[in-house]
Structures are given as structure tokens and as C-alpha cells.
Amino acid sequence: MTEILMNQEEVLGVLFETGAIRKGHFKLPTGEHTNHFFQLPLALRYFNYARRLSVGLSRLLRTVPQISSLLPNVSIVGASSGGIPVAYGIREALQADQIMWVEKGEDGNTRFRQFDEVAPGENCILVDDIILTGKTMKSLVNLITKSGGKILGIGVLVNPCIAKLNFEGIPIMSLVEVPTHHFSDEKICAICKENGKPMQVGW
Ligand SMILES: [Zn+2]
């Protein structure tokens, strides 16, 4: 049987090799410049990679005492479409009760589909493929809190360490950190100074 767990080097190897992380000089739709461009679905499209990355993250989540003590009585909630395969992988590894996911409503906030909701007191682990500014996750934290759900922890595959993340004491676990430089525009972009024009990318 192939070893399921990957070390940090192997995780980064998979992410770069599949194009889930690209290194270079990129211009985002927001006008910001960056040295890494992330598209985690490019790695998660391979079932085995999705599974192995999720198992690695589930190991970290298990180290949170309030999570391990409540298993399997927890729901795994995906914060975006990219978080859905992660939610399924984590659920399998942790043998959690339920999997749920949200989508973005017209007002830009996260919402469940009609009749799908977290019950008051329900134990939730929130997951996503990546956490950039933290806005999407914050929106999900607010939604779950408003429903009366209890958030035990947050798990993401990749943390580019762009934003200072603070979710009121909720532990955040990331499988791998990929320190990334973000520049608000070309005037202050250090890569522009060395490397000329960036590649325009979408989301
Ligand atoms: Zn630049």
C-alpha cells in the first residue's frame, strides 16, 4: 500500500507539480501583484492527491483536544466550492457525522441552500482549500455563529500567510504554509522592479 501521509516537502512537490501553486509574477483581478498564484482544484482533481492532502490535514485537526474529544459527533463544513473535496476527505479520515457546504449569495455573503442549515449546538469544523484574506471564512464563521452552531476549529490545506488571521480564539490548522508577497499595485511591487511585466490571472 502506498504511504498515505506526505511530509511537507512532498505536499509542496504535489502542489507545484500540478500547478496548484505557481511561482512567478502575477496580476490579480483586484490589481494586486503577487509572487504566487494558487489554484488548488488543479491538485484536488486527482482523487489520490485530494485524499492524501485531506488525511494530512485531518491529522492536524485531531490534535485539537476539543475536536478529538467530540468525534464523530461533528459536521465538516466547506467554506467554498474548493473546500468541498477537502470536506469529504476530512470527513472520511475523521469519521465525522455530516458534510455540509455553503455558497456565495447575491450580497457576497456565505449562505446555505434553502432548508440546509446548522442546528443550534451543532459541532462544526470549517474547512477550505486555501485561506487568502480570510473574508470567506469570516463570513462562514458569522453564519454558523448566528445559527447557534459551535465552531471547534478551522482547517485549510494552504495558508499563504497574507493576512493576519484572527477568528476569536478558534484554532486554525493549515497543512502547509507558503509565505507569499502581495503588493497593492505596480508602484510598490518589488517584482516589477526586477522582472518587468506580470502575467494577468483570474480567480
Ligand atoms: Zn509586479
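**Notebook: strands, sheet and core**

I looked first at a strand pair and noted that Lys27 stands opposite His33 in β2, where strands are DSSP runs of E with at least two residues, numbered from the N terminus. The model is a predicted one, in which local features need pLDDT of at least 70 and side-chain atom pairs count only at pLDDT 80 or more, while totals for chains, interfaces and linings use all residues. Residues are numbered from 1 along each chain as its sequence is written.

I then followed the two strands: β1 (residues 21–27) and β2 (residues 33–38) pair in the antiparallel sense over 5 bridges, pairing being called if DSSP finds at least two bridges between two strands. Both belong to an open sheet of 4 strands in the order β10-β2-β1-β11, with mixed pairing. At its edges I found β10 (182–183) and β11 (199–200), each of which pairs on one side only.

Next I looked up the largest nonpolar core, a set of buried Ala, Val, Leu, Ile, Met, Phe, Trp, Tyr and Cys residues joined through C-beta atoms within 7 Å; buried means that 20 or more other C-beta atoms lie within 10 Å of a residue's own, with C-beta atoms placed from the backbone. Of its 49 residues, Val77, Ile125 and Leu126 touch the most other members, and strand β8 (residues 150–159) gives the most to this core, with 6 residues.

For Leu126, leaving aside neighbours within four places in sequence, I listed contacts with Val77, Ala79, Met137, Leu140, Val141, Ile151 and Ile154, a contact being two C-beta atoms, placed from the backbone, within 7 Å.

Note on methods:
Buried ≥ 20, exposed ≤ 12 C-beta atoms within 10 Å, placed from the backbone.
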